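Trainee: Could you walk me through this one? I'd like to ask things as they come up.

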Amino acid sequence: MNIVDALLQGILLGGQYALFAAGLSLMFGVMRLVNLAHGDIGVVAAYGALAVVNVFVVSPVFALVVVLPAAALVGYVVQRLLLQRTLAPSPLPSLLVTFGLSIIIQNVLLMTMSADQQRLSLGPLDTAAIRIGDALRIGVFPLGVFLLAAIVLLALSLFTSRTQYGRLIRAVSDDPSTAELSGVDPRRIYAVATAIAFALVAIAGVASGIQTSFSPTSGSLFLIFAFEAVIIGGLGSVWGTLAGGIILGVAQTVGAAFAPAQQVLVGHLVFLLFLAFLPNGLSRKKVRA
Amino acid sequence: MTMTTPKVHRWTRTSIVGVAAFGLVAVVAAVLPFVVELASLYALIDLFILLILAVMWNLLAGYGGMVSIGQQAHIGLGAYGIVVIADILGINPFVAIPLAAVVSALLAIPISFLAFRLAGGYFAVGTWVIAEVLRLVIVQVPGLGGGSGISISSLSGVDRILRIVYTYWAALAVAVIAVIVAVILVRSSRGLALTSVRDDSIAAASSGVRVAYSKRLVFVVAAAGAGAAGALVALSSLRVQPDSVFSVQWAAFMIFMVIIGGVGTLEGPILGAIIFFVLKQIFADFGPLYLILLGVIGVVFALFIRQGAWGLISRRGSVLLFPVGYRLDKPE
């Protein structure tokens with residue numbers, strides 16, 4: 001029964017990882033850019049939500065009303081002012097700038113927020129659970145995050161595949177210069193994609209801040225989990241990303257059931273197994289880097 | 001009219017001066033222990049370690065096109081390697097430095113097969129994950145001190161002054177070797193192949209360059225260098241702590257040095273290491289503020305001064321301090 005419980009918790013945790021991964025994957029898909037500050041943006045959003053909660057005494061869910069648009073705006077501006085200048089066939093400039101941003105964000109948070117663990121609270125909802133039988137308990141909040149992740153990923157998938165704007169994003173992703181010939185400004189598309197990615201990671205950061213805790217340096221691990229979910233799932237596939245998040249989550253919780261306190265290591269090892277034996281991930285699509 | 005074959009030469013006036021100056025600096029550095037005080041020697045060990053790391057990271061990223069943020073994996077392997085080789089196997093710690101480098105290089109071969117499945121930005125994060133895995137595995141080993149680390153005891157009988165002087169000479173020797181290896185590699189046809197792989201791996205492959213082999217070679221060489229640097233870190237601090245030797249901060253420092261010095265040049269990382277060393281001496285006590293400063297300077301260089309400090313000085317590569325280019329003589 002213990003394993004079934006771990007499996008269930010892992011699946012739910014996977015939703016959160018998929019939320020972290022979606023933005024990373026979107027930015028890579030559109031711009032071939034890996035944002036090394038991705039996790040740190042999520043942490044900043046969590047601190048932002050904490051500030052809103054403290055000032056207006058509202059639930060963190062309502063804090064999203066402020067944090068989400070703010071994150072999207074920051075994403076738009078960061079892309080136009082910084083990331084756009086780094087786009088090149090070589091990944092070096094964008095990695096340098098985003099790694100620099102990551103160091104700046106973590107240390108600004110360390111200076112201004114202290115190194116202590118912080119947590120966002122939903123009150124009684126934090127620990128509310130649905131009982132199934134005698135031994136199984138499903139946390140209401142983790143279940144909510146999982147459903148939210150599924151809805152967000154579905155919306156993202158429909159947005160890119162069905163809408164006019166989604167078509168533009170795909171066109172620019174495939175061939176920016178040809179898209180430009182048809183009157184599209186790739187820089188605008190890139191900025192919008194970055195805005196969406198930042199909003200996605202903001203949701204993930206706030207959700208994670210409610211479920212566990214966060215500190216100024218949590219962003220590194222968020223980035224790594226997002227990356228592992230993307231690679232396990234396979235590049236360029238929204239549903240692969242959800243599956244990748246779930247596999248990572250299950251690996252961690254089942255791993256913790258066998259070897260307590262080793263959940264992160266077990267997750268890494270499962271990731272390396274995928275890298276060794278299924279390098280294109282679950283979706284098996286080959287994507288040019 | 002007779003056809004004359006144009007003469008190709010590789011040494012320039014500046015590279016003759018540069019190599020002579022490099023030799024002179026190395027000789028002067030070698031006799032420094034007889035002149036300067038111990039604290040300065042101790043600081044210079046740090047400079048040599050930084051220089052080794054910068055030169056090696058530049059080989060990876062500047063010539064091999066592999067942006068790694070996981071080189072701390074090899075620093076950690078070198079540091080723990082010297083603990084095992086010197087303390088547990090009982091080999092002389094200074095003989096153990098090259099052995100630790102070899103261990104790090106050998107382990108880089110299987111690591112490369114995993115890491116090379118990823119490209120570009122994902123390669124960067126992948127190398128970081130591998131470094132994390134090594135840290136998390138090593139802290140499980142009780143014989144290596146677990147999470148709190150382990151001290152090196154095989155030097156405990158040696159007089160403190162002698163120990164620091166020996167470590168200084170060892171660090172100097174590794175730094176000189178690192179620069180020479182980098183020059184030879186870049187100067188060779190393999191170096192040319194690497195540069196072509198960095199710029200366009202498909203075109204390089206179609207011109208007969210063995211892309212994977214070339215990249216793996218430089219990955220292994222860089223791992224050996226970082227391993228030797230890790231062994232020196234262990235010897236100079238006499239203690240190996242997993243969170244410190246496997247810290248991603250090493251990657252940040254390597255990137256910073258290479259970027260402000262000038263990526264893809266041999267002189268840039270050396271200059272970058274010196275600039276970083278000076279900044280560290282002045283600002284390191286400021287903690288997070290110092291790291292914010294490094295981050296801001298790094299971002300500004302990456303955005304606006306791509307050629308780095310050496311690029312500014314050398315007027316975009318027209319001055320070479322090492323004989324690596326090809327120059328064609330004008331026919332008379």
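What follows is a run of questions and answers on a predicted model.

Trainee: Let's start with chain A. How many helices and strands are there in chain A?

Mentor: Read along the sequence, chain A goes α-α-α-α-β-β-α-α-α-α-α-α-α. So the strands sit together in that pattern, with helices before and after. Counted up, that gives eleven helices and two strands.

Trainee: And what is the radius of gyration of chain A?

Mentor: The C-alpha atoms of chain A fill a box of roughly 65 × 50 × 35 Å along the principal axes. For 289 residues, a compact globule would come out near 19 Å, and chain A agrees with that because its own value is 19 Å.

Trainee: What share of the contacts in chain A, between residues at least 6 apart in sequence, join residues at least 24 apart?

Mentor: Buried residues make up 52% of chain A. As for the contacts you're asking about, the share that joins residues at least 24 apart is 74%.

Trainee: Now those two strands. Which residue is the bridge partner of A:Arg131 in β2(A)?

Mentor: β1 (residues 129-132) and β2 (residues 136-139) of chain A pair in the antiparallel sense over four bridges. They form a hairpin with three residues between them, and A:Gly133 in the turn has a positive phi of about 65°. Across the pair, the partner of A:Arg131 is A:Arg137.

Trainee: I also spotted positive phi at A:Arg32 and A:Val57. Is A:Val57 buried or exposed?

Mentor: Neither of the two is a glycine: A:Arg32 has a phi of about 55°, and A:Val57 has one of about 50°. A:Arg32 is found in the loop between α1 and α2 of chain A, and it counts as partly exposed because 19 other C-beta atoms lie within 10 Å. A:Val57 is in the loop between α2 and α3 of chain A. With 7 C-beta neighbours inside 10 Å, A:Val57 counts as exposed.

Trainee: On to where the chains meet. Which helix gives the most to the side of chain A that touches chain B?

Mentor: In all, 35 residues of chain A are in contact with 32 residues of chain B. On the chain A side, α4 (92-113), α9 (218-233) and α11 (263-277) each supply at least two residues. The residues on that side divide into 29 nonpolar, four polar and two charged. The helix that gives the most, with 14 residues, is α4(A).

Trainee: Over to chain B, then. What is the radius of gyration of chain B?

Mentor: Chain B has 14 helices and four strands. For its 332 residues the globule rule gives 20 Å, and chain B is close to that, so it is as compact as a globular protein of that length, at 20 Å.

Trainee: How much of chain B is made up of buried residues?

Mentor: The C-alpha atoms of chain B fill a box of roughly 75 × 50 × 40 Å along the principal axes. Among its contacts with a separation of 6 or more, 81% are between residues 24 or more positions apart. Buried residues make up 48%.

Trainee: Why is α9(B) largely enclosed by the rest of the structure?

Mentor: α9 (residues 211-237) of chain B reaches 39 Å from its first C-alpha to its last, close to the 39 Å expected. It is followed by B:Leu238, whose phi is positive, near 60°. The helix is largely enclosed because its buried residues number 19 of the 27.

Trainee: Which residues have the most contacts inside the largest nonpolar core?

Mentor: In soluble globular proteins, nonpolar side chains tend to be buried together. Here the largest such core has 210 residues. One of its two best-connected members touches B:Val174, B:Ala175, B:Ala178, B:Gly225, B:Ala228 and B:Ala229, leaving aside residues up to four places away in sequence. The pair you want is B:Ile52 and B:Leu232.

Trainee: What covers the buried residues of α12(B)?

Mentor: The 17 residues of α12 (residues 267-283) should span 24 Å, and the end C-alpha atoms agree because they are 24 Å apart. Its buried residues include B:Glu267, B:Pro269, B:Phe276 and B:Phe277. The cover includes, from chain B, α2, α6, α11 and α14.

Trainee: Last one: how far is the C-alpha atom of B:Ile305 from that of B:Ile260?

Mentor: B:Ile305 lies in the loop between α13 and α14 of chain B. It has 15 C-beta neighbours inside 10 Å, so it counts as partly exposed. B:Ile260 is 45 residues apart from it along the chain, and their C-alpha atoms are separated by 8.1 Å.

Terms used. Residues are numbered from 1 along each chain as its sequence is written. Chains are lettered from A and ligands numbered from 1 in the order in which they are written. This is a predicted model: local features need pLDDT of at least 70, side-chain atom pairs count only at pLDDT 80 or more; totals for chains, interfaces and linings use all residues. The expected span of a helix is 1.5 Å times one less than its number of residues. A residue is buried if 20 or more other C-beta atoms lie within 10 Å of its own, exposed if 12 or fewer, and partly exposed in between; C-beta atoms are placed from the backbone. A nonpolar core is a set of buried Ala, Val, Leu, Ile, Met, Phe, Trp, Tyr and Cys residues joined through C-beta atoms within 7 Å. Two residues are in contact if their C-beta atoms, placed from the backbone, lie within 7 Å. The radius of gyration is taken over C-alpha atoms; the globule rule is 2.2 Å times the number of residues to the power 0.38. Ala, Val, Leu, Ile, Met, Phe, Trp, Tyr, Cys and Pro count as nonpolar, Asp, Glu, Lys and Arg as charged, and the others, Gly among them, as polar. Two strands pair if DSSP finds at least two bridges between them.
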